[in-house]
Amino acid sequence: MRIGIDVGGTNTDAVLMDGRTVLAEFKTPTTPEVTGGIVAALDGLQAGRPFPPADVTAVMIGTTHFTNAVVEAERLSRTATVRLGLPATAGLPPMTDWPAQLRRALGEHVYLCHGGYEFDGRLISDFDESEVRAAAADIAAKGIQSVAVSSVFSPVNPEMELRAADVLREVIPGLAVSVSHEIGRVGLLERENATILNACLRELAEHITAALEKSVRGAGIEAPVYISQNDGTLMSVDYCRQYPVATFASGPTNSMRGAAFLSGRSDCVVVDVGGTTSDVGALVHGFPREAAVAVDIGGVRTNFRMPDVLSVGLGGGSLVARAEEAVTVGPRSVGYAIRDRALVFGGDTVTATDLVVAAGMCVVGDPARVADLDADLVRAGVRHMQERLAELVDRVKTSADPLPVVVVGGGSILLEDHLEGASEILKPDHFAVANAIGAAIAQVGAEVDKVFSLAELPREQALDSARQEAVAKATAAGAQASTVQIVDVEEVPLAYLPSNAVRIRVKAVGDLPLGGEDVAAGT
Amino acid sequence: MSRLVHEEDLDDLARGAAVLGTGGGGNPYIGKLMAQQAIREHGPVTLVDAAEVPDDAVVVQAAMMGAPTVMVEKLPRGDEAAQAFSMLEEFLGRPVTHVVCGEAGGVNSTIPFVVAATLGLPLVDADGMGRAFPELQMVMPGLLGVSATPLVVADEKGNSILLRTVGNRWTERLARTATIEMGCSSAFASYVMSGQQLRDTMVLGTLSLCQDIGRLIVRARAQHRDPVRAVADRLDGRPVFTGRVVDIERRTETGFARGRAVLSGTGDDAGSDLVLNFQNEHLVATRDGSVVASVPDLIIVLDSDTAEPVTTEEIRYGFRVSVLVAPCDPRWRTEAGLELVGPRYFGYPFDYIALEDRLSTGTGTP
């Protein structure tokens, strides 16, 4: 059996699964320090369905800690950026396009140095070791512990970034260095942005990953712990410690994959209603549809592959306000305090949950406490919510045809059983913990990154060979062959090498077999 | 009538310019950031109508040359174009009075703002093509007899070269060779024109059109109307294909980003494929083996959902895009125009068929 845990901003959800069967589920408030929520979740599962810790084969954790830290500009380390590229690139120094709040949180410790490559591998200018040393001395004097290093055309030649990293570590022992060629693709600003985000999260990552592991071990579970990545695949705790930026957007990915699993639908719209926000995305052939253009995280532009998810500030804890004739719900929310503040729980604040209870759409808390809410307010508020959710569903749909809509998350009670543009509304069992299920059924991925000489091997054959190798690697890593798909292909011409060399990167992803009887029965 | 262009106006403008850029013209995001930075530092740019430019004005085109794939990595130093302008003024022996865009496209519609803001010069609401083309001689003033030289090409290292040539094709060859040596990205100042020449030969009102298209996309999205359709209607064009990118091949070759993208159809286009061939800009679109559009008509690639323009250096595996075709400026459809920018010039073995004529016959050419 395996355990999936989703650490969200409001709630920590956990499931215990055996094959495709959910044995136990548990929801508990996320605690400010990581450990408490995880320990409570593991205890909750144990209480729901006692299990010997030794029977757990894997623990998969999805966490929004890192995304939230960036969005809130809190808990981030002071970070320096060393860019190699002068005299080019001076027109747009690092962090030029960042929101002021984030720039302040990291400090503006930017060092432009000579170096970098031309497209064909020539040097823009020589690597100047004394310049990097001077930067390192300044960084050391400021007491900064994490540095991002970028260089022009490092995806074509990473050597200069690696030299700079060596010099920095030599001057500042124990320094955390994030190098851009390991994190992003061609496109200096976006790659560098992702590298800086990674660097400012390294310290937090040390802390979080240690706490996650400690909580799991504390429950007597010795099985490996994995963390979800943005593309729905897993990474080890050690990898996450070095590349925390890879967790970005794993929340929406997990909830969509969990929804697909629970509903059995592979093409549908998924609405994940939480306490504060609702996320809406589309599943196409079982995969979250990805955003095409560059994705902003906390206002920072990156070129990660991310699910295309629209968010709206509307959830179970959203505040209800009336101005003149109009009733609005959200974006402000009582968040995790809903159990103290909502009317149905004995509080004094009108929330979205109170409206749907008053409208008779569901029973939560004590319906008597909302019995005398103004009927007009209830009607207008419920209509307002339905319209906004319908609008989001409409925006993520690829065609005008009605599609199934799968509703998951703790706030799903907000949605009526009918929605404009939906062919059916599904609220599958265990819908409240879809994220944790998504984490538990995470996929395995494999990447091939190789240089081919197109003078020796025609391009089609080179691509085919890379694709086949990636699929074979994913299968070897445990993915079921029938589910493996190519999710990314990238080709970088290496003009400085002879015989028409190209670097080809292919990523393949597939499902882990879940085991259990019903899989063997083919359902 | 002149008006001021502020930092916030550039979002719409750069987006619209990238639509007309037909995949090229340089990365709109980088160009926009540089222009916004220049305006923050030096104040808003005065945009003037061609009608207001005095006959004895000295109007000069500012642009960047090279492969857009290189420009997203090797960002400019920032003052390359201004450096080219000052060397050109030195040669001319008189000051430049107006800046103008060579083409509509991401960087090349916004770099002139950097030059205008830095040098404190007005910018003319016009461009040389009404779209983007990959080569320097492919501008309307060139077609109508204006010389590209004297021209100054400059790089981020401080190198600059003054060219005087016997024809605009030579200018392209020599400037391109210099640009490749400079690392496949350079800035240049060229096509020195009087106010009268400007009015006679340029495509007028382009920057206003860009801003209008950009605004239209944002508004259509906000109103939940199909933004792709909105762009097509504004440009008298038509959507020709919707699909997903299944292969993308790109090379930095002879100073250009050359390659092709293969789209696999979705929705109404399921079962078909569309191949886009590009040289910085999209040149030819071929559906299931038949040409459905070619230069000089505009082949525009937009994100299917948001109608954000997708450039040839950004397009990648898995993108869902809509392709639409819009008619070019009628002057490109003359015999001389097609000789300069028609499909045969780019090495394709077929003649140009105007978008409208393809629609009436219902098929493409072999």
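This report describes a strand, a buried methionine and a nonpolar surface patch in chain B of a predicted model.

**Strand β16 and its partner**

In chain B, strand β16 spans residues 298-303 and is mostly covered, with six of its six residues buried. In a regular strand the side chains alternate between the two faces of the sheet. In β16(B), B:L298, B:I300 and B:L302 lie on one side, while B:I299, B:V301 and B:D303 lie on the other; both faces are covered. The strand pairs with β17 of chain B (residues 320-326) in the antiparallel sense, over six bridges. Within this pairing, B:D303 is placed opposite B:V321 of β17(B).

**B:M65 and B:W170**

The table sets out two residues by element and relative accessibility.

| Residue | Element of chain B | Relative accessibility | Class |
|---|---|---|---|
| B:M65 | strand β3 (residues 59-66) | 3% | buried |
| B:W170 | helix α7 (residues 168-181) | 41% | partly exposed |

B:M65 counts as buried because its relative accessibility of 3% falls under the 20% cut-off. Apart from neighbours within four places in sequence, the contacts of B:M65 include B:M71, B:L136, B:E172, B:A175, B:R176 and B:T179. Further contacts of B:M65 are B:C184, B:S185, B:S186 and B:F188. The C-alpha atoms of B:M65 and B:E41 are 25 Å apart in space, with a separation of 24 residues in sequence.

B:W170, by contrast, is partly exposed, because its relative accessible area is 41%. Together with B:V166 and B:L174, B:W170 makes a nonpolar surface patch of about 330 Å².

Note on methods:
Residues are numbered from 1 along each chain as its sequence is written. Chains are lettered from A and ligands numbered from 1 in the order in which they are written. This is a predicted model: local features need pLDDT of at least 70, side-chain atom pairs count only at pLDDT 80 or more; totals for chains, interfaces and linings use all residues. Side-chain values use heavy atoms; hydrogens and water are left out. Buried means under 20% relative accessible area, exposed over 50%, partly exposed in between (1.4 Å probe, protein chains only). Helices (H or I, at least four residues) and strands (E, at least two) are DSSP runs, numbered from the N terminus. Two strands pair if DSSP finds at least two bridges between them. Contact means heavy atoms within 4.5 Å. Patches are made of residues with over 30% relative accessible area and no salt bridge: like charges are joined within 9 Å, nonpolar side chains (Val, Leu, Ile, Met, Phe, Trp, Tyr) within 5 Å. Accessible areas come from the Shrake-Rupley method with a 1.4 Å probe; for residues, only the protein chains shown count as cover. A salt bridge is a side-chain nitrogen of Lys or Arg within 4 Å of a carboxyl oxygen of Asp or Glu.
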